Amino acid sequence: MKKLRLPISIQISIFLIIAVFVPVAAMMMLKTYEIQLLKMTENSNVQQARILAASLSASFNEENEFTGAENSIAIQEKNNANSSISSSLAKEILINMEGNFDCRIRILDPQGKLLADSSNLEKSQEEYVAETGSRSSESVSSSEKSNKEPFVYKIFSIPVRIYRKFKAPSAVYSNADFYSKKTVYDGEEIKAAMEGHYGAKTRISSGGQISVTLYSAVPVLKNEKVIGIVLVSRSTWRILQNIYELRTDLGKIFLLSLLVVILTAVFLSFRISLPLKKLAKETSECADKKGHIDSEKIKQFTGIKRNDEIGDLSRSFKTLINKLDSKIRYTQAFSSDVNHEFKNPLAAIRSSAELLKDELSEKERINFSTAITDEITHLEQLLTEVRNISKIEGTNTEEQSEEIPLYDFAANIISRIKKNYQNVQIELLDQENNPPNKPTAKINPDYLEIILTNLIDNAASFAKHIQVLIKNQKLNDNKQELLLIVADNGKGIEESEYEKIFDRFYSNRPDSNSGHTGLGLSIVKAIVDATEGEIKVQKSSKLGGAEFTVHIPL
């Protein structure tokens, strides 16, 4: 299955949209918040009703005991016949509370007749609203004028209004004026209280409010008989008003967040998405169909002067393309040099072969045959060196690394070179000119062999005394490196040639038929570069000739 590819701009937009959804989620949770508030309101009603019922029960006992003991039998018969809280006691209890309640409280007798009502006490309109949640028509109209729905609320309430048009409310409530003109309260919650149980009912609020009123009825018990009923009612108008304000504030936050998201998306688009697209286009156009790289276009990469990740990416592209360009140029120059170097021996071979067709003396024929053999040998050496360079460029140094005893490895190479240079003294020393301590190092053995062979063979062709130092040394940052020094007592190398000697096919030997191809030091330089090492040449302070120093990280 093909993987879904999303541009960075779309990914950023999705992330920002998710961030905007946070206030939306909070708005959706308001329904849960409203349900919890309604439960808390009902619990508060029940607790106040129960406390008042307990107080009425206790006061009822005190009132009966105060009548006197001489008529106790008559009073007992009267109480048994009509056991109920008196209206005076009910009103006295409510007056003694001094308005310390936040709902409407009504006290009824066991038959449902009203004994006392907190709304009929001498209280201000504000206290009445606090107790009952109801308002007069005048207060309703003034409140509605002052609480006009804001524009933000109207926008976000459109989906809800449409939804309500197509779907009826899940619950149908009776009107809150159920007890307004009744002398006997006979609601479902009252009937439950008459039977000694807790009763509750929810009805639509009056007074023009879009809310409901919660009714809680608790029986007042004495000797397991109902002697009265406490009816507590409270409107949810204040709860809905608070939730309305929360929804309005969340709507404002959402619009503000949406504006910030849009501005952020535009900003990030100009700062990230568009520069990346432009950089991708520039990198694809920096080379023509033939692979020729335009260096001027590389200098004009988008964001190359920026100090952020896009700037780092642009500079990385520039470095990478420059390295590729150098590699291409190196390959092209190398092919041209190899072609040139192969032409000379081939021309000599052809010339000698054509002359052999003529009538020549035996001595001339032997000379021409020897010349052909020498040139073929020279070609073989060239091919070997070219193959070594190709091998170096295509080998992973870490995969071919082995733990090598440096002293024994270098001693074997020196022993082999001495067979060709019997008059040259080659000694193997450590850095303090003491007998070597036989260190080891993990390195590619082919690389190390080529470096040692070429450097020592190159020195032996110019000098009679050579010193070789090879060791594994620790650096300050707990890293290790291979240190290799080859010094001789030859004529040395001019400073102007320090860089030239590492060029391919370069040689300052007077004898062009010395058997050297001019690729030895070039191969050494290629190996050192491949291992991210360093090679330098200077005048030897001890022997007076040339001194090559190689550092290869391990």
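This report describes the fold, nonpolar cores, strand pairing, salt bridges and one surface patch of a predicted model.

## Overall composition

The chain comprises 554 residues, of which 38% count as buried. Its secondary structure amounts to 15 helices and 13 strands. Among contacts with a sequence separation of 6 or more, 66% are accounted for by residues 24 or more positions apart. The exposed area of the chain is about 34300 Å², and carbon and sulfur atoms supply 53% of that area.

## Nonpolar cores

The largest nonpolar core contains 52 residues. Within this core, the residues with the most contacts are L448, L452, L455, V468, I470, L484 and F548. Helix α14, spanning residues 445-460, gives the most to the core, contributing nine residues. A second core, separate from the largest one, has 21 residues, including I85, A90, F101 and V230.

The surroundings of L484 illustrate the packing in the largest core. Leaving aside residues up to four places away in sequence, L484 touches I451, L452, L455, V468, L469, I470, F548, T549 and V550. L484 falls within strand β11, which covers residues 480-488, while V468, L469 and I470 fall within strand β10, which covers residues 465-474. F548, T549 and V550 belong to strand β13, residues 546-553. The contacts with I451, L452 and L455 bring in helix α14, residues 445-460.

## Strand pairing

Strand β10 is mostly covered, with eight of its 10 residues buried. This strand pairs on one hand with strand β8 (residues 425-429), in the parallel sense and over five bridges. Within that pairing, E427 has Q467 of β10 as its bridge partner. On the other hand, β10 runs antiparallel to β11, and nine bridges join the two strands. Here Q473 stands opposite E481 in β11. The hairpin of β10 and β11 has five residues between the strands, and N478 adopts a positive phi near 65°.

Another antiparallel pairing involves strand β12 (residues 534-539) and strand β13 (residues 546-553), which are joined by six bridges. E534 faces its counterpart H551 in β13. In this hairpin six residues lie between the strands, and G544 has a positive phi near 90°.

## Salt bridges

Seven salt bridges are found in a search of the whole structure. Three of them are set out below.

| Salt bridge | N to O distance |
|---|---|
| D117 and R104 | 2.5 Å |
| R315 and D312 | 2.8 Å |
| R416 and E449 | 3.5 Å |

The salt bridge of D117 and R104 links distant parts of the chain: D117 is in strand β2 (residues 114-117) and R104 in strand β1 (residues 104-108), 13 residues apart. Both D117 and R104 are buried.

The salt bridge of R315 and D312 lies within a helix. These two residues are separated by about one helical turn, because they are three residues apart in helix α11 (residues 309-355). R315 counts as partly exposed, since its relative accessibility is 29%. D312 likewise falls in the partly exposed class, with 42% relative accessibility.

In the third case, the side chains of R416 and E449 meet. R416 lies in helix α13 (residues 406-418) and E449 in helix α14, so this salt bridge ties together parts that are 33 residues apart in sequence. R416 is partly exposed, at a relative accessible area of 40%. E449 is also partly exposed, at 32% relative accessibility. Helix α14 therefore takes part in this salt bridge through E449, and α14 is also the helix that gives the most to the largest nonpolar core.

## Nonpolar surface patch

A nonpolar patch of about 510 Å² occurs on the surface and is made by L255, L258, I262, V266, F270 and L274. F270 is found in helix α9, which spans residues 237-285. F270 counts as exposed because its relative accessibility is 58%, and the cut-off for that class is over 50%.

Methods. Residues numbered from 1 in each chain as written. Predicted model: local features only at pLDDT ≥ 70, side-chain atom pairs only at ≥ 80, totals over all residues. Heavy atoms only, no water. Core = buried A, V, L, I, M, F, W, Y, C linked by side-chain atoms within 4.5 Å. Buried < 20%, exposed > 50% of the residue type's maximum accessible area, 1.4 Å probe, protein only. Helix = DSSP H or I, 4+ residues; strand = E, 2+ residues; numbered from the N terminus. Contact = heavy atoms within 4.5 Å. Patch = residues over 30% accessible without salt bridge, like charges linked within 9 Å, V, L, I, M, F, W, Y side chains within 5 Å. Areas by Shrake-Rupley, 256 points an atom, 1.4 Å probe, with all protein chains shown as cover. Salt bridge = Lys/Arg side-chain N within 4 Å of Asp/Glu carboxyl O. Pairing = 2+ DSSP bridges.
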